[in-house]
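I set aside this session to look up how the helices and sheets of one chain are put together. The entries are in the order in which I checked things.

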Amino acid sequence: EDGYDLWLRYRPLPAGIQARDRAQAAALVYDVDRHDQSIIKAGEEIERALAGMLGAQVPNYSQSVVPGAILLGTADEPRIKALNLPLGSLGSEGYVIRSATIDGKAVTVIAANSGVGVLYGSFALIERLQRGLPIDGLDISAAPKLKLRLLDHWDNLDRTVERGYAGQSIWDWWKLPDFKSPRYTDYARANASIGINGAVLNNVNAKADSLTAPYIVKAAALADVFRPYGIKVYLSARWSAPIELGHLKTADPLDPAVATWWKAKADEIYAAIPDFGGFLVKANSEGQPGPQDYHRSHADGANMLAAAVKPHGGVIMWRAFVYAQENPEDRAKQAYDDFKALDGRFADNVIVQVKNGAIDFQPREPFHPLFGAMPGTPLMMEFQITKEYLGMATHLVYLGPLYEEALQADTWAHGKGSTVAKVIDGSLDHHALTGMAGVANIGSDRDWAGSTFNQANWFVFGRMAWNPDASAKTVAGEWSELTFGPNPQVTSTVVDMMTTSREAVVNYMEPLGLAHMMGTGHHYGPAPWVHELARPEWNPVYYHKADATGIGFDRTKTGSNAVAQYAPHVAAMFADPKTTPERNLLWFHHVGWDYPMASGRTLWEELAAHYTLGVSQVADMHGKWRSIQPLIDPERYAKTDIFLSIQQREAQWWRDACLAYFASVSGRPLPAGEAPPARSLAEYEAVTFPYEPGK
Ligand code: BDP
């Protein structure tokens, strides 16, 4: 088994369960004359699942209901209408699954207000079957809490993928629009099965070419494949496209010719893709052009584009990931500094896309201070699914706990309980436009994401975009059952590994609030020593500020005062090292090497202990994986086993290199009992990766 089937494996169920389920899955009934493409896809998926799991080719009826039928339909389907199901509050994407009786026959009804809702309900029923759960006596209703549930592909037109570690881009632009790889359909199935309803096709560091006629036709071909699965396409828009493509002299958002150019461009796209989702924009960040080049604000820029897509129902997702100007004092403050004052000034079809933390997708960051600080503006969450800073494809790191930690963080914007989840689901400040984006980890690799466990990150992202209050641990269990089969020993072992893995990577890379100590460019290995790059905030030494006296970034009022960007309760907590959670200590404070920690150890001892613990946590994960070898198929077992060996070696490398470096800057010996690094600091500093993936 090579992982291609993801969590939609549909392998045969045990004989006893097959016998039980066959009675409840005896036929499929839906009205084909309605030509609802999503319901037709739902029917196809159920047929495929039943054939695989039950070995049953179920008959397919349009009209008659038979005992044990699965009936699919929308609210206006006469037999469904007669059941008076509680569909009213479930919106256009929610669904009901109900065990019911129609004409005296026991059936399972999957009903929704749209075909896509029926498709989501069908995947939910299939999931129950896959996990060996009974499908009688059902009364389930579900609806997504967020409106936009999107994958952001950082895919370039030459098929390289920025920060992608799973091969080339899944989009074969060269062969599109004619050849639509079957992989596109399987991509859509997988996404629909976890409720993802949009894909931004191209890199945020965008080329204007994506907006030219030939590429619009290619994007339209993908949109046609995705449409029945409820997935809209979006494009990253290059701010300077009016100059590059339209030969205008300016891209000033307040210049009428610029607005006219974008309006015509939007009209052209919508003519080819009537349900085009809209644009994602990275502006005035890392060298990208933007409205500030013309002394206009991010709101001026976003609103001009918003007007272009508004007549077609499109949205603008405007990124708050900005660090364009020289801001040597504290990079973590810039997004707030640029955006806070714009609160309430964005058009109603603009949503500001904010990364989970204020710096950049690190193994651990405190929640971004913009969450809760812009009540008059819808904010969407941006997570990274691809593991740019967490060991790329090979390290086993389940991101569910990272997502959960960010979503459950309390902003205190309106007092206790003002979680980030409530900010982004719109409930805190009453916004209808809501969303979550994940930077995709998908590529042309046979197993899509580069490793079996990376698939779990795609999966949990979908689950949390559907419900930001979902539990990472519960989702890990569901994913394990779908991926390895519902064997309790496998599930408990795999869930253990997954729930430890995020803390392990924090420990062996950046414990106690450290950040951005990865090597230049590749962001893979340790390089806390780097100090010579042109801009101060490109250097790891800028982030950890270790010297002979201590370590950490002072973000209190004696330093950058970034703590003041949080609501008063949170600001007060982070302002004092005694009330700052130790996991965030060095993010907010510069403390002495002998600073006393809760454990009774000094900071230096604690830091070393965390690094060493991280290495042993990886060894534990590896041991756990080996303990279930007989229960896992050989191909997927072996790949994970080898990857865990790589991770073990590299966790050790991270520990050794960082401790060697911190011992040298602090002028201290390693704490008693800590094993010395395997190599000299100079040897670690000499490691380079000229051809790393993901560039
Ligand atoms: C950084 C990545 C860079 C992206 C940037 C972004 O290193 O490749 O372009 O994020 O989010 O973390 O725009």
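The notes below go through sheets, helix packing, the ligand shell and two backbone oddities.

**Entry 1: status of the model**

I noted at the outset that this is a predicted model.

**Entry 2: the open sheet**

I started with the open sheet, which has six strands in the order β2-β1-β3-β5-β4-β6 and mixed pairing. I looked for its edges and found β2 (60–61) and β6 (139–142), each of which pairs on one side only. I then took the β1 to β2 pairing: β1 (residues 27–29) runs parallel to β2, and two bridges join them. Leucine 28 has asparagine 60 in β2 as its bridge partner.

I also checked what packs on this sheet. Helix α4 (residues 115–130) does, touching β3 (69–74), β4 (95–102), β5 (105–112) and β6. The direction of α4 makes about 125° with that of β5.

**Entry 3: the barrel**

Next I traced the closed sheet. Eight strands form a barrel, in the order β7-β8-β9-β10-β11-β12-β13-β14, and their pairing is parallel. I looked up the turn between neighbouring strands, which is 25° on average with direction ignored.

I followed two pairings that share β10. On one side, β9 (residues 232–236) pairs with β10 (residues 278–281) in the parallel sense over three bridges. Here leucine 235 stands opposite phenylalanine 279 in β10. On the other pairing, β10 and β11 run parallel and are joined by four bridges, with glycine 278 opposite valine 315 in β11.

**Entry 4: α9, between barrel strands and α8**

I asked which strands α9 lies across. They are β10, β11 (315–319) and β12 (350–355), and α9 runs at about 160° to β11.

α9 (residues 298–309) also packs with helix α8 (residues 256–272), at an angle of about 40° and with the axes 8 Å apart. An angle of about 40° is above the 35 degrees under which helices count as roughly parallel, so α8 and α9 are oblique to each other. The crossing of α8 past α9 is right-handed.

I listed the residues that meet. From α8 they are Ala259, Trp262, Lys263 and Ala266, and from α9 they are Met304, Leu305, Ala307, Ala308 and Val309. By class, this contact has eight nonpolar residues, no polar ones and one charged residue.

**Entry 5: α14 against α15**

I moved on to helix α14 (residues 472–484) and helix α15 (residues 488–509). Their axes come within 9 Å and cross at roughly 130°, which makes α14 oblique to α15. α14 passes α15 in a right-handed crossing.

On the α14 side I found Lys473, Ala476, Gly477, Ser480, Glu481 and Phe484, and these meet Val490, Thr491, Val494, Val495, Met498 and Thr499 in α15. The contact divides into six nonpolar, four polar and two charged residues.

**Entry 6: α15 against α19**

I kept α15 and looked up its packing with helix α19 (residues 603–627). The angle is about 155° and the axes are 8 Å apart. Angles over 145 degrees count as roughly antiparallel, so that is how α15 stands to α19. The crossing of α15 and α19 is left-handed.

The α15 residues in this contact include Thr493, Asp496, Met497 and Tyr508. Among those they meet in α19 are His610, Tyr611, Met621 and Trp625. I recorded the classes as nine nonpolar, eight polar and three charged.

**Entry 7: the ligand shell**

I asked which residues surround the ligand. They are Glu162, Arg163, Val204, Asn205, Lys282, Glu286, Phe321, Asp360, Phe361 and Glu388. I sorted this shell by class and got three nonpolar, one polar and six charged residues.

**Entry 8: backbone oddities**

I ended with the backbone. Most residues other than glycine have a negative phi, and most peptide bonds are trans. I noted one departure of each kind.

Leucine 176 and proline 177 are joined by a cis peptide bond, with omega about 5°. Proline 177 is in the loop between β7 (148–152) and α5 (182–193).

Leucine 6 is not a glycine, yet its phi is positive at about 50°. I located leucine 6 in the segment before α1 (15–24).

Notes:
Residues are numbered from 1 along each chain as its sequence is written. This is a predicted model: local features need pLDDT of at least 70, side-chain atom pairs count only at pLDDT 80 or more; totals for chains, interfaces and linings use all residues. Axes are lines fitted to C-alpha atoms, for helices over the stretch in contact, and angles run from 0 to 180 degrees between N-to-C directions. Angles under 35 degrees count as roughly parallel, over 145 as roughly antiparallel, 65 to 115 as roughly perpendicular and the rest as oblique. A crossing is left-handed if the near helix is turned anticlockwise from the far one by less than a right angle, and right-handed if clockwise. Two residues are in contact if their C-beta atoms, placed from the backbone, lie within 7 Å. Ala, Val, Leu, Ile, Met, Phe, Trp, Tyr, Cys and Pro count as nonpolar, Asp, Glu, Lys and Arg as charged, and the others, Gly among them, as polar. Two strands pair if DSSP finds at least two bridges between them. A residue is near a molecule or strand if its C-beta atom, placed from the backbone, lies within 6 Å of it.
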